[in-house]
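Some points on this model follow, as numbered remarks. They start from a single residue and work outward.

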Amino acid sequence: AALDFAGGMAAPVKEPKPPFTFLREDMSGTQPKVFVRDANQANWNVKFGLEVRPESFCWRVVRACGYFAEPNFFVASGKFERFQSMQRKDPSIHADGSFTSGRFQYRDPNLTFLEDKNWRWDGPPYAGTKELSGLKILIMLFSNWDNKDARVGAGGGPNTAIFQLKKPGGS
């Protein structure tokens with residue numbers, strides 16, 4: 001009852017607040033994405049395409065079940081200041097920087113994505129654990145078949161990332 005599924009789910013960040021300043025295009029993955037900074041000086045990865053609405057909801061359920069998930073917020077429309085043309089086009093993004101239907105994923109400055117480090121669904125340390133079984137149930141519940149692991153080569157790459165969390169006194 002204490003969880004607010006419509007809000008930030010106790011995430012360490014407030015919802016994205018305009019104005020949004022365009023930083024650069026993100027060429028990772030298969031969907032058009034950009035990096036921006038909002039009025040609160042928070043950094044966001046903004047994604048466009050069919051996945052933005054479900055991603056903006058599903059992370060809340062995943063987090064409520066005790067798993068790590070980066071906060072995602074759906075922003076129906078807005079405008080990127082200092083927008084520059086992108087290599088990957090999407091009808092949601094216009095030449096003047098205005099956009100519709102964006103998924104804003106928070107980029108926590110205390111989290112570092114470890115390049116070339118990820119895990120496998122069929123290997124240690126998670127194989128056979130109840131935690132992995134629970135994650136598989138969530139994936140099936142949300143019909144998310146985009147579960148590439150460390151066995152995947154080029155062409156989108158794996159999405160079983162490992163992050164390093166900086167804390168006072170260590171990481």
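1. Setting aside neighbours within four places in sequence, S56 is in contact with N72, F73, F74 and R103. This is a predicted model. S56 belongs to helix α1. Its relative accessibility is 6%, so S56 counts as buried, the limit being under 20%.

2. Which other residues of α1 are buried? Besides S56, the list holds V52, C58, W59, R60, V61 and V62. An α-helix has 3.6 residues a turn, so residues three or four places apart point the same way. The buried residues of α1 pack against β3, β4, β5 and α2, the last of these covering residues 130–141.

3. The length of α1 needs little comment. The helix has 13 residues and reaches 19 Å from its first C-alpha to its last, close to the 18 Å expected at 1.5 Å a residue. After α1 comes G66, with a positive phi near 100 degrees.

4. The strands form a closed barrel of five, in the order β1-β2-β3-β5-β4, and the pairing is mixed. From one strand to the next the twist averages 50 degrees. Helix α1 (residues 52–64) packs on this sheet, where it touches β3 (43–47), β4 and β5 (98–107). The direction of α1 makes about 135 degrees with that of β4.

5. Strand β1 deserves a separate remark, as it has a partner on each of two sides. With β2 (residues 33–37), β1 pairs in the antiparallel sense over five bridges. With β4 (residues 72–81), β1 (residues 20–26) runs parallel, and two bridges join them. T21 takes part in both pairings: T21 stands opposite R37 in β2, and the bridge partner of T21 in β4 is E81. Why is β1 described as largely enclosed by the rest of the structure? Five of its seven residues are buried, so the description follows.

6. The hairpin of β1 and β2 has six residues between the strands. Within this hairpin, G29 takes a positive phi near 70 degrees.

7. The largest nonpolar core has 23 residues. Those with the most contacts inside the core are V34, W44, V46, F80 and F104. At least two residues of this core come from each of β1, β2, β3, α1, β4 and β5. Apart from it lies another core, of five residues, including W119, L132, L135 and I139.

8. F104 can be followed in detail. Leaving aside neighbours within four places in sequence, the contacts of F104 include the core residues W44, V46 and F80. F104 is also in contact with P16, F20, V36, N45, P71, N72, F73, V75 and F99. N72 and F73 are on the contact list of S56 as well.

9. How many disulfides does a search of the whole structure find? The search finds zero. On two of the cysteines, C58 has 17% relative accessibility and therefore counts as buried. C65 has a relative accessible area of 47%, so C65 is partly exposed, the range for that class ending at 50%.

Methods. Residues numbered from 1 in each chain as written. Predicted model: local features only at pLDDT ≥ 70, side-chain atom pairs only at ≥ 80, totals over all residues. Heavy atoms only, no water. Pairing = 2+ DSSP bridges. Helix = DSSP H or I, 4+ residues; strand = E, 2+ residues; numbered from the N terminus. Axes fitted to C-alpha atoms, helices over the stretch in contact; angles between N-to-C directions. Contact = heavy atoms within 4.5 Å. Buried < 20%, exposed > 50% of the residue type's maximum accessible area, 1.4 Å probe, protein only. Expected span 1.5 Å × (residues − 1). Core = buried A, V, L, I, M, F, W, Y, C linked by side-chain atoms within 4.5 Å. Disulfide = S-S within 2.5 Å.
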